[in-house]
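Work through the exercises below with the sequence and the model side by side. Try each task before reading its solution.

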Amino acid sequence: MASKIETVCTRNNISYGDIRKAMVTKGSRTKEDLVKDAGVCGECEGCQEHLNYMITVLCGCKEVKMKEVQDLVKAGVRSLDEIMKKTGAGTGEDCGKCQGLIEGIINQGY
């Protein structure tokens, strides 16, 4: 859903990719984190429409929730392949862009 859009924050011209990059490299998980780390305003129509989805859904192709992956990591799963197998995240046709985010969650331990 959200991955099909180019610009999320129309006020600050911040792309979907820029936001996901902050989520991967800086561990941004909240709207407040994304305001600080990705430069989104958090208030424009694009932010209102898309940020909650991006924070909640890790894999848009398979609609895998961020919490599902975080819970697996908290339970001790430390393999990208195992998380992909258990959730389906990153396994669809033209899918896999979320793998960096999964690895970031594994590396951060949550």
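**Exercise 1: cysteines**

The count of disulfides, each a pair of cysteine sulfur atoms within 2.5 Å, comes to zero. This is a predicted model, in which local features need pLDDT of at least 70 and side-chain atom pairs count only at pLDDT 80 or more, while totals for chains, interfaces and linings use all residues. Residues are numbered from 1 along each chain as its sequence is written, and side-chain values use heavy atoms, with hydrogens and water left out.

Task: Explain why Cys98 has no bond to the closest cysteine sulfur.

Solution: Recall that a disulfide is a covalent bond between the sulfur atoms of two cysteines. Next, find the cysteine sulfur closest to that of Cys98, which belongs to Cys59. The two sulfur atoms are 3.9 Å apart, and this is too far for a bond. Finally, look at the surroundings: Cys59 is buried (under 20% relative accessible area, where exposed means over 50% and partly exposed lies in between, with a 1.4 Å probe and protein chains only) at a value of 2%, and Cys98 also counts as buried, at 9%.

**Exercise 2: a buried arginine**

Task: Determine which partners Arg20 has, given that Arg20 is buried yet has no salt bridge (a side-chain nitrogen of Lys or Arg within 4 Å of a carboxyl oxygen of Asp or Glu).

Solution: Begin by placing Arg20 in helix α1, residues 16–25, where helices are DSSP runs of H or I with at least four residues, strands are runs of E with at least two, and both are numbered from the N terminus. Then search for opposite charge: the nearest such side chain, that of Glu63, is 9.0 Å away. Turn next to the backbone, where the oxygen of Val57 is reached by the Arg20 side chain at 2.7 Å. Lastly, list the contacts (heavy atoms within 4.5 Å): leaving aside residues up to four places away in sequence, Arg20 touches Met54, Val57, Leu58, Met66 and Leu101.

**Exercise 3: two sides of a helix**

Task: Work out which residues of α5 are buried and which structural elements they pack against.

Solution: First pick out the buried residues of α5, namely Leu80, Ile83, Met84 and Thr87. They lie on the same side of α5, because they cover an arc of only 100 degrees around the axis (taken from the directions from the helix axis to the C-beta atoms). Asp81 and Lys85, on the other side of α5, are exposed. To finish, follow the packing: the buried residues of α5 pack against β4 (64–65), α4 and α6.

Conventions
Lys and Arg count as positive and Asp and Glu as negative; His and the chain ends are not counted. A polar contact is a pair of N or O atoms within 3.5 Å; within protein, one must be able to donate a hydrogen and the other to accept it, and residues adjacent in sequence count only if both atoms are side-chain atoms.
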